[in-house]
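Colleague: I am new to reading structures, and I would like to learn how one goes from a picture to careful statements about pockets, strands and single residues. Could we look at one together?

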Amino acid sequence: METMSRAQARRAAVAAQGFGGPARRGPPARRTIAAEVERLGLLQLDSVNVAVRAHYAPLFSRLGPYDRDTLDALAWPQTPAQRRRRTMVEFWVHEASLLPIDEWPLFRWRMRDNAARRSRWLGAALDDHPEILDAVTTAIAEHGPLEAGEVEAVLGGGGDRKARAYGGWWQRSDVKVACEHLFATGELTTGTRRGFRRAYELTERVVPPDIHARDPARDASMRELIRRAARVQGVATEPDLRDHYRLPPAESQAAVAELVDAGELVPVQVEGWTAPAYRTPETRLPRRVTGRALLAPFDPLIWFRARTLRLFDFHYRIGIYTPAEKRTHGYYVFPFLLDGRLVARVDLKADRALGVLRVPGAFLEEGADEGKVAAELAAELATMAEWLGLEGVLVDGGGDLAAALGQAVKAGGWT
């Protein structure tokens, strides 16, 4: 079996994720943004907006400052012209996610699984009202795209004449879970978003007909999703590959074995890893990786925490799910990638009232060069602040890197 050092595996993973490429050269074009999402396979969605919403950050990390309105138009178009150029659609992939629209058929197996697990979305409370699904679908077909509250208004919640015309009456919570069930089974998707609120639409009116008509076999979908995960992870164990799209363990293991037999995955033994790893024949093995990036908590390079520890010797937990007294580094912490290594972490908050990117905490990783890290991190924070429309950076918290970082920010004139 091919062997690889931990450093080689780390560089391969970082390069496959889109880091260490050509220097940033101004705002990227629409096609560059779409191509980056296609390469990553998905952008995880999350409602937290402490610094910047989760789906915006990975593209900034890889491409530098870009127009977030361009990404919005590719994902949630508002005009007919934008709808013709739509390249993304929402579904449950790695949690709630944006994915390239041509990947949507690869998850028909999950839609069928969700349909079979009806109670996961609807619960027993709605078992007495199965007609609500048809009513919601009809309302959106006639009036969509609609938010859940708008669907409830169309149905005339409370049992009035309009509700009875649709076959019943329901509480708003019933309508919401019905919308989510139909979303999970592929009948609905997000037509657009308004203030990050999902407006549901018939999937057949969002996904182009030729893509919507595709229905690949379940095992073929599993193999294709493993292929895509392997390309974007560089070097990965089977659980790493499985996690990218949250695949069922047994089917993921079977797909990996089949791709190894076909020569599409190469088994690799990585120094210090207890499980076998795999790479594609095309995986780049660079001698060095350069460049810097702030990584949001839901960035695909670090979202699988066991892999992050194995690759970078970096134990990472974000604080949003942790009681305040148990947080070690802050509430919404961004690891800092510099020349292929995670060298620091910063707690960040976009303080829109003050017009600054606040740093409530900054921490240096063991063995990292404090002066170099502080200078590079200060410059990247300033770039991020400008991208977010903020006027500067304010280091006002603790941590062993805070003093040096504050001095670097001041020296750069970014306060």
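Modeller: Let us begin with the classes of residue: Ala, Val, Leu, Ile, Met, Phe, Trp, Tyr, Cys and Pro count as nonpolar, Asp, Glu, Lys and Arg count as charged, and the others, Gly among them, count as polar. Please keep in mind throughout that this is a predicted model.

Colleague: How many residues of each class line the largest pocket?

Modeller: Sorted in that way, the lining of the largest pocket holds 13 nonpolar, nine polar and eight charged residues. The lining has 30 residues, and those nearest the centre of the pocket are G18, G21, P22, R24 and R62, while the space inside comes to about 540 Å³.

Colleague: Which helices and strands each supply at least two residues of that lining?

Modeller: Three helices do so, namely α1 (6-16), α2 (30-40) and α3 (57-63), and the strand β10 (292-294) does as well.

Colleague: How should I read a cavity, and which residues line the largest one here?

Modeller: A cavity differs from a pocket in that a probe fits inside but cannot get out. In this model, a search of the whole structure finds one cavity of 30 Å³ or more, and the volume of the largest cavity is about 40 Å³. Its lining is made of Q233, D240, D243, H244, P300, L301, I302, W303, F304 and R307, with helix α14 (residues 238-245) giving the largest share, three residues. By class, five of the lining residues are nonpolar, two are polar and three are charged.

Colleague: Turning to sheets, in what order do the strands lie?

Modeller: One reads a sheet by following which strand pairs with which, and here four strands form an open sheet in the order β1-β8-β9-β7, with mixed pairing. The strands at the edges, β1 (2-4) and β7 (236-237), each pair on one side only. Further in, β8 (residues 266-270) and β9 (residues 277-279) run antiparallel and are joined by three bridges, and V268 stands opposite A277 in β9.

Colleague: Finally, is S97 buried or exposed, and why?

Modeller: The general idea is to compare the relative accessible area with a cut-off, and under 20% means buried. S97 counts as buried because its relative accessible area is 1%. This serine lies in strand β4 (residues 95-100), and the side chain of S97 reaches two backbone oxygens, that of H94 at 3.0 Å and that of E95 at 3.0 Å. Leaving aside neighbours within four places in sequence, S97 is in contact with L42, L43, Q44, L45, V89, E90 and F91.

Key:
Residues are numbered from 1 along each chain as its sequence is written. This is a predicted model: local features need pLDDT of at least 70, side-chain atom pairs count only at pLDDT 80 or more; totals for chains, interfaces and linings use all residues. Side-chain values use heavy atoms; hydrogens and water are left out. Two strands pair if DSSP finds at least two bridges between them. Buried means under 20% relative accessible area, exposed over 50%, partly exposed in between (1.4 Å probe, protein chains only). A polar contact is a pair of N or O atoms within 3.5 Å; within protein, one must be able to donate a hydrogen and the other to accept it, and residues adjacent in sequence count only if both atoms are side-chain atoms. Contact means heavy atoms within 4.5 Å. On a 1 Å grid over the protein atoms alone, a cavity is a set of points where a 1.4 Å probe fits but cannot get out, and a pocket is an open set with protein on both sides within 12 Å along at least five of seven lines; lining residues have an atom within 4 Å of a point. Grid points are joined across faces, edges and corners, and a volume is the space filled by probe spheres set on the points.
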